Every structure is written in structure tokens, then in C-alpha cells.
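Biologist: Thanks for sitting down with me. Could you walk me through this model, beginning with one residue and then moving to the whole chain?

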Amino acid sequence: MINENLDIYLQALNSANSGIIITDNLQPDNPIIYCNSAFEKISGYSTDEIIGHNCRFLQAQDRSQAERQLLKDSIREGKECKVEIRNYRKNGQLFWNELLISPVKNEEGLVTHFIGVQHDVTERKRVEYELREEKTYIEEKVRERTKEIMVKEAFLSSIIQTVRESLLVLDSNYVVLSANNHFLSTFKVTQEETVGKVLFELGNHQWDIDPLKDLLTKILPTNNPVTDYEVEHHFQHIGKKVMLLNAYRIELEGQYKDRILIAIEDITEKKELDRRKDDFLSIASHELKTPLTTIKSLIQLLQRMDPAKNPEKFTTSLDKVSVYIEKLNKLISKLLDTSKIHSGNIELHMEPFEIDKTVQDAIDNLSVAIPGHHISFSGCTNATVIGDEMQILQVINNLISNAIKYAPGSKNVEVYINNVGNFVKISVKDYGMGINHQDKIKIFERFFRASDIQKKYPGLGIGLYVSHEIVVNHKGTLWVESEIGEGSTFNFTLPIMKNNNYG
Ligand code: ADP
């Protein structure tokens, strides 16, 4: 009966998928006394080759595995233990063995046997290994990609920080995600006042404009950019400005969808220049037309006149024609000068000349032309300068003419010349209307005219621009000192070639 049962048990063990061995713990070196067929299959050895051996034969030369110590300790202490250990088949092929050993104790509690149950988990280990490898590979790729994106972002943000345009990035709720330095310095605001805020609430609600809101709300759904939208507004901190706004939907390699990039350009100056140009054109055509109309009517008069009958009137009319033609001539040369200077095509006929004499000549001529005014001249340099005397003369004429034109209540203009280091300094002082601080900054710009004098005093706003360019071309400087209501002093310097005081 017992034998019969044993047979059934052995049969059952032999049909198990797990490799099973039994070792005799009471014999020296714990030899294997039983193995089932699954163990034969896993190890590649036959029962005859296995019985009597210690289990370590399965480890071949691979002896340094930490799991061995675990097994040894458990056997010594008579405990159960589960490990995954590298074993080798008879043909030398590695297999991963998931091994469970459990002690068998007799009535006295003495460990008589160990039962070892083994599973070949090589395939699972391989899959695990491949998964691990795949994971490392993917992690590495993600790291690389993140780095690439970070580099790209750093690159983009460095561009964004360098461009000379104000840029804002908004999310789909119009909340500012970032603002570049140019934006912050243009609007004189801080990151804290800008980032994280809704665009329409920035500053004094300067962007809270219904038509702009309308356009911006259409960007994301339609991908239609906002182009060249002009906003004229009294901005907090920077005053009245005209801003040009462009807005686009942006996407960075599918990463940042639904973001809006707004580029803002301050076009106040450009608009101002355009306005000045328009004013200039209308004034210039008016100035050209007036003498032409007079010439035309004088010629018609002359055509109808018999010179023999009225010789005196004939001559005075002819003289008038020539005066107006000269006016026209001067105006046209002035216009030509400006365009030549502006394109850098002005020719300088550099020759030495005595500056005291040039200033004196200019004053003499103007005193004759404008007899009602007194132009005083003081100082003396005895200096020779090198330059284009005609152009310097033009500068002096411009300054003195302005000193007369813009001082309606005063008849006195003072011209002063002196030596300052290696330069001569010429000053033209008037007691006229003066120039306010804001205008002083722009007075040497092309077509600039102070706004309050536009209608009252004819002029093209090019005299000071031309004068300034001439002086700069001669390596000197031209500047103005002025108080509103008290008058102005225009000064310019020219480098001295030779001072005749010292030979
Ligand atoms: P224009 O006299 O033809 O307007 P200018 O270039 O000579 O052109 O002068 C530019 C502007 O500078 C003038 O329109 C005027 O507003 C201002 N300006 C020039 N000279 C004086 C001055 N002596 N006093 C006050 N304002 C002046």
C-alpha cells in the first residue's frame, strides 16, 4: 500500500513542470538523493549524473553570485529561501533558475532533507532585461529630446530677448506667459507687473480695445494673424505713443499649441516724421508757388507794356522778376542741399580761410539785407580754419536769419567768436521766443519745426538740419542753449588749422 502510494507520488512529481530535487541534509555535503524528470529536462543532465552531487554543480564556474551566500545561510540555519540564480545546463548554456528551497524536519525538529523546486525563468528574465534596456533607451531619448528642446528654447528666448521689438507670449486666455526685455523697457514695467496678468488688464488697460479684442479672439480658432493694428494711446509711464501691433498663433514643434505671440513696435517717431514730411511738402510747394505766381503776373504785365513809353516801370518790373527768380533759386538750392546732405553726396571744397572775416562778411551782408535789425559782432580769434567757406557762411546765415525770424519783439542779435582750445566757437544769441526742452532735442532733425510756430512763421524745417550736418562734416559741433521766452543761443565749433596769434 505504501509502495503503491509512493509510486503515485513519484509519478505525480515526474509529471510536474517544476524541477524538483531532494537533498539529504544528514549526509556530508548535502547530496541530491532525488530529482524528477522536469529537473532532468531543465538541467540537461540525467538522474544518474545528478544523484549524489551537491547542487552547486549547476553553477559551473559562476561562483561569485550573491544569491549563493543566501542559499548557504538558509541551509545552515535550516530555513526556507527563494532566489533567482544563474545556473548552467550540461551543454554549458546559461539558464535563470527561480529556486525555492525548503527544509524537511523530523520529529525532533532536525532538518533531515531539503526540497528544491526550480523554474526555468530565462525567458522571463530576457523579457525583463529587454524591457529594462528599452526603458533606459527611451529614458535616454527623452533626456536627449528634453535637452534639445531646452537648447532650442534657450536659443529662441535669446532671440526673443535680443530683438528690438516688444514681444509678448499669451496663452489661450490672453494671460501673459512671457515678456521680453524690450517690452519691459519700452513700457517701463516689471516682469511682476506683466507676466501672469491678462493682456487687457495691463497698465492703464491700454490694450482693452474692443476691435483689438475681436481680432485677437479670432487668432486661435482661425489662425488669422492680426497685422499692423495701430493703437494710439496715452500709456502709463511713457505718455502718448502710437504702437503698431502684430499678433500670430505660434506652435513650437507641436509642443506649445494655442499660444499667441504679439509683436509691438513703437511707431510714434515714424508717424511724426511722416507728418513732418507731409507738412514740408505742402509748405515747400507753397513757397515755390508764391514767387512763381508773382513772376508770372510780372511777365504778363511786361508783355503788355511798351518799354519805350514807360521805361522806368519796365525796368523796376524786370528787377522785381529777377529778385523773385533769385528767391526761387535760393529755395531750390536749399532743397537740393538737403537731399544731397541726406544722401551723403555733399561735396566739400576744403580750403583754409580766416573765420573772423567770414563771420564779419556774413553779418555785413545780412545787415544790408535786413536793415531794421542790429547784428552786433564781438570777439576775435585770428584763426585759420580749413573747410568749405561757402558752407560755413550758409551755417552763419541760417543761424542769424533764424535769430531774426524767431525774435519778433527784439531787434538785437549778438554774434560772438572766440578760441576754445583747438577750436573756434561762434555763438549767435537772440532775445526771442526761445525753445522748449522737448523741441530742443529734435531741433536738428530733418523737417522739424516747433509746433506752435507752424502757421506764424514760414519755413521748411531744413535750415538747422543742413547746418548741423555741415558742422559735423567739418568735425565740429552745433548746439543750442535756450529758455522759453528768454531767447536762444546757437553755438558751433570748428577745429583750428592755424592760429595766427602764434604764427
Ligand atoms: P525753419 O526756420 O525753416 O522752420 P530751421 O531748420 O532753420 O527751419 O529751424 C527749425 C525750427 O527750429 C524752426 O521751425 C523753429 O521752430 C526752431 N528755431 C530755429 N531757430 C530758432 C530760434 N533762434 N529761436 C527759436 N526757435 C528757433
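Biologist: Which residues does Arg56 touch, not counting residues up to four places away in sequence?

Modeller: Happy to help, and keep in mind that this is a predicted model. Arg56 sits in the loop between helix H3 (47–50) and helix H4 (66–77). Leaving out residues up to four places away in sequence, the residues that Arg56 touches are Asp29 and Arg63.

Biologist: Is Arg56 buried, partly exposed or exposed?

Modeller: Buried would need a relative accessibility under 20%, and exposed would need over 50%. Arg56 comes out at 32%, so this residue counts as partly exposed.

Biologist: How far apart in space are Arg56 and Asn87, C-alpha to C-alpha?

Modeller: In sequence, 31 residues separate Arg56 and Asn87. In space, their C-alpha to C-alpha distance is 9.0 Å.

Biologist: Now the whole chain: is it compact or spread out?

Modeller: The chain has 14 helices and 17 strands. For 503 residues the globule rule gives 23 Å, while the radius of gyration is 51 Å, well over that value. The C-alpha atoms fill a box of roughly 170 × 65 × 40 Å along the principal axes. Compared with a compact globule, the chain is therefore more spread out.

Biologist: What distance separates the centres of domain 2 and domain 4?

Modeller: The chain is divided into domain 1 (2–121), domain 2 (146–266), domain 3 (270–343) and domain 4 (351–495). Taken over C-alpha atoms, the centres of domain 2 and domain 4 are separated by 46 Å.

Note on methods. Residues numbered from 1 in each chain as written. Predicted model: local features only at pLDDT ≥ 70, side-chain atom pairs only at ≥ 80, totals over all residues. Heavy atoms only, no water. Helix = DSSP H or I, 4+ residues; strand = E, 2+ residues; numbered from the N terminus. Rg over C-alpha atoms; globule rule 2.2 N^0.38 Å. Domains from an automatic or database assignment. Buried < 20%, exposed > 50% of the residue type's maximum accessible area, 1.4 Å probe, protein only. Contact = heavy atoms within 4.5 Å.
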